[in-house]
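Here is a short tour of one protein model and its ligand. Have a look at the structure first, and then we can walk through it together.

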Amino acid sequence: MGESQLSGKVALVTGASSGIGAATARALAAAGAAVAIGARRADRLQELAEQIEQAGGRVLRLDLDVTDERSAVSAVQRTVDELGRIDVVVNAAGLMLLGPIVDGSTEDWRRMMTTNVLGLMYVTHAAIPHLVEQGSGDVINISSVAGRTAKPGSGVYNASKWAVNAFSESLRQEVTAKGVRITLIEPGAVDTELNDRITDEEAKAASKKSYDSMRTLHAEDVAAAIVYTVTQPDHVAVNEILIRPTDQPTP
Ligand code: NDP
């Protein structure tokens, strides 16, 4: 390990089995943090854990479904019990099930709202007392440019990210004077598995076409913004980072 800015710190990353979560777990580990990695696909977590360990990092795998509050509580508890503390929570688990509101799939809506909103809230609710008690720590919530500008065909995704923004800002005001920092990360297009899960075939094709039309961000670019955030001195709170591909003119 070259850097060790985060040595002695413990980070819990949700949605760590792919994309932004996986890259963030790798980057935080490379910066010296012990990382607890949570998601549902155990095989992918196993692969990531091996990579991190081979690079000299310390890792705890967590079978985590953020939509189940007991699972979220248990992930936080195991992190504290097995890695000794918790300093950083990265809420990266999420779904972007694009499609129009008119005749849209309410099942997609439920999955998105439960994962992107309630899931993020459950994990945060379970972790925040530990951070407040120690008087330090970071909660990094992955929102999106879709949390700032609504578009046709992404109304419920927009709504879920708007909810993340409101929840994060309210929480920030509750805990910042207690030493706990809350950060909203708002990426534009990032090359991950996010598009693959869209169930509306037309929306999926349109989104993939849009991503293919530009040099997208890589998950590592977003991870670097997160490492920047959590390595600031204690008195500096980076509240919000909007990060788009240079090639992305529209929301
Ligand atoms: P990926 O699809 O690559 O990653 C999503 C992650 O979320 C996976 O690890 C998945 O793991 C996890 N996840 C989904 N549902 C659950 C659940 N119920 N419990 C636990 N984990 C879950 O996409 P990204 O990395 O791109 O997405 C990460 C976040 O970034 C999302 O919130 C997304 O909205 C946001 N974002 C992404 C952008 C992009 O262009 N890619 C742009 C702006 C924001 P598993 O299925 O194994 O549980």
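## Around the ligand

Let us begin at Thr192, where a polar side-chain atom lies 2.6 Å from an oxygen atom of the ligand. Bear in mind that this is a predicted model. Two arginines also take part: a side-chain N or O atom of Arg40 is 2.7 Å from a ligand oxygen, and for Arg197 the corresponding distance is 2.9 Å. The protein buries 99% of the 870 Å² that the ligand exposes when taken alone.

Helices α1 and α5 (155-175) are the elements that give two or more residues to the shell around the ligand. In total, 31 residues surround the ligand, and the closest are Ser17, Arg40, Tyr157, Thr192 and Tyr211. By character, the shell divides into 14 nonpolar, 11 polar and 6 charged residues.

## Two nonpolar cores

The largest nonpolar core holds 38 residues, and Leu28, Val35, Ile37, Val90, Ile140 and Ile142 have the most contacts inside it. Elements giving two or more residues to this core include α1 (19-30), β2 (34-39), β5 (137-142) and α7 (219-230). The top contributor is α7, with 7 residues.

Val35 is a good place to zoom in: beyond its neighbours within four places in sequence, its contacts include Ala11, Leu28, Ile52, Arg58 and Leu83. A second, separate core has 26 residues, among them Val123, Ala126, Ala127 and Ile128.

## An unusual backbone angle

Most residues other than glycine have a negative phi. Asp103, however, has a positive phi, near 60°. This residue sits in the loop between β4 and α4 (106-134) and is exposed, with a relative accessible area of 80%.

Conventions:
Residues are numbered from 1 along each chain as its sequence is written. This is a predicted model: local features need pLDDT of at least 70, side-chain atom pairs count only at pLDDT 80 or more; totals for chains, interfaces and linings use all residues. Side-chain values use heavy atoms; hydrogens and water are left out. A nonpolar core is a set of buried Ala, Val, Leu, Ile, Met, Phe, Trp, Tyr and Cys residues joined through side-chain atoms within 4.5 Å. Buried means under 20% relative accessible area, exposed over 50%, partly exposed in between (1.4 Å probe, protein chains only). Helices (H or I, at least four residues) and strands (E, at least two) are DSSP runs, numbered from the N terminus. Contact means heavy atoms within 4.5 Å. A residue is near a molecule or strand if one of its heavy atoms lies within 4 Å of it. A polar contact is a pair of N or O atoms within 3.5 Å; within protein, one must be able to donate a hydrogen and the other to accept it, and residues adjacent in sequence count only if both atoms are side-chain atoms. Accessible areas come from the Shrake-Rupley method with a 1.4 Å probe; for residues, only the protein chains shown count as cover. Ala, Val, Leu, Ile, Met, Phe, Trp, Tyr, Cys and Pro count as nonpolar, Asp, Glu, Lys and Arg as charged, and the others, Gly among them, as polar.
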